[in-house]
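Trainee: Could we go through this one together, a piece at a time? I would like to ask things as they come up.

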Amino acid sequence: VLNVFTSTPSMKTRLKRDVLLDCGFTMDRQTGFAVEWRYQFKGSGHLVYAYNGAQDRVDMAQEGTEMFFYEAHSRGNASLLIRNVEMRHEGSYICTVYMPNLHAQQSIDLEIAGKTQ
């Protein structure tokens with residue numbers, strides 16, 4: 001069994017701040033896992049971060065983003081830190097955790113407060 005969860009399905013932050021997108025997971029057996037973070041906004045999207053837990057390797061990381069690998073392995077914490085938030089960061093982020101033959105995901109919406117139209 002794999003469970004992926006967040007305590008903050010919707011977040012609001014201000015420009016130039018750091019924000020932590022909360023994503024956690026539990027699994028019923030110790031096995032290899034991988035984490036992907038994807039960004040979506042108005043019909044388009046892209047890969048933001050990819051971590052291969054089985055090989056303890058970052059396969060892709062957009063500039064200004066990071067995960068805490070020790071926390072992923074020890075506590076099931078797959079949260080993503082985005083530094084110095086800009087308008088381009090507003091949208092939905094999908095945290096997906098993969099295990100052999102199984103995956104689950106959670107979506108988090110990020111809104112930028114105080115933006116000018």
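Trainee: Which residue is the bridge partner of Val19 in β9?

Mentor: The partner of Val19 there is Ile82, and I should say early that we are looking at a predicted model. The two strands concerned, β3 and β9, the latter covering residues 80-82, run antiparallel to one another and are joined over three bridges.

Trainee: And what is the order of the strands in that open sheet of three?

Mentor: The order is β3-β9-β8, with antiparallel pairing. Since β3 (19-21) and β8 (65-66) each have a single partner strand, they stand at the edges, so one side of each is left without a neighbour in the sheet.

Trainee: Switching to the sheet of six strands, what is the order there, and is the pairing mixed or not?

Mentor: That sheet is open as well, its order being β2-β11-β10-β5-β6-β7, and the pairing is mixed. Its edge strands are β2 (10-14) and β7 (57-61), each of which pairs on one side only. On average, and with direction ignored, neighbouring strands of this sheet are turned by 20 degrees against each other.

Trainee: How many bridges hold β5 and β6 together?

Mentor: There are eight bridges between β5, residues 34-41, and β6, residues 44-52, and the two strands pair in the antiparallel sense. Within that pairing, Arg38 stands opposite Leu47 in β6.

Trainee: New topic: how many aromatic pairs does a search of the whole structure find?

Mentor: The search finds four. One of them is formed by Tyr51 and Phe69, whose rings are stacked, at 4.5 Å centre to centre and with 20 degrees between the planes. This pair links distant parts of the chain, given that Tyr51 belongs to strand β6 and Phe69 to helix α1 (residues 69-75), 18 residues apart.

Trainee: Why is Tyr51 called buried, and why does Phe69 count as partly exposed?

Mentor: Tyr51 has a relative accessible area of 1%, and because buried means under 20%, it is classed as buried. Phe69 has a relative accessible area of 28%, and it counts as partly exposed because that class lies between 20% and 50%.

Trainee: Which residues form the aromatic cluster?

Mentor: Tyr51 and Phe69 belong to one cluster together with Phe25 and Phe33.

Trainee: Then Glu111: where is it found, and what does it touch?

Mentor: Glu111 is found in strand β11, which covers residues 102-113, and it is partly exposed at 35% relative accessibility. Leaving aside residues up to four places away in sequence, Glu111 touches Met11, Lys12, Thr13 and Glu90. The C-alpha atoms of Glu111 and Arg14 are 8.4 Å apart, although 97 residues separate the two in sequence.

Trainee: Stepping back, what does the secondary structure of the chain come to?

Mentor: It comes to one helix and eleven strands, and from the N terminus the elements run β-β-β-β-β-β-β-β-α-β-β-β.

Trainee: What is the radius of gyration, and how much of the chain counts as buried?

Mentor: The radius of gyration is 14 Å, which agrees with the value near 13 Å that a compact globule of 117 residues would have. The C-alpha atoms fill a box of roughly 50 × 25 × 25 Å along the principal axes. Of the 117 residues, 38% count as buried, and the accessible surface comes to about 6,700 Å², with 48% of it belonging to carbon and sulfur atoms.

Conventions: Residues are numbered from 1 along each chain as its sequence is written. This is a predicted model: local features need pLDDT of at least 70, side-chain atom pairs count only at pLDDT 80 or more; totals for chains, interfaces and linings use all residues. Side-chain values use heavy atoms; hydrogens and water are left out. Two strands pair if DSSP finds at least two bridges between them. Helices (H or I, at least four residues) and strands (E, at least two) are DSSP runs, numbered from the N terminus. Axes are lines fitted to C-alpha atoms, for helices over the stretch in contact, and angles run from 0 to 180 degrees between N-to-C directions. Rings of Phe, Tyr and Trp (its six-membered ring) pair if their centres lie within 6.5 Å; planes under 30 degrees apart count as stacked, over 60 as edge-to-face and the rest as tilted. Buried means under 20% relative accessible area, exposed over 50%, partly exposed in between (1.4 Å probe, protein chains only). The radius of gyration is taken over C-alpha atoms; the globule rule is 2.2 Å times the number of residues to the power 0.38. Accessible areas come from the Shrake-Rupley method with a 1.4 Å probe; for residues, only the protein chains shown count as cover. Contact means heavy atoms within 4.5 Å.
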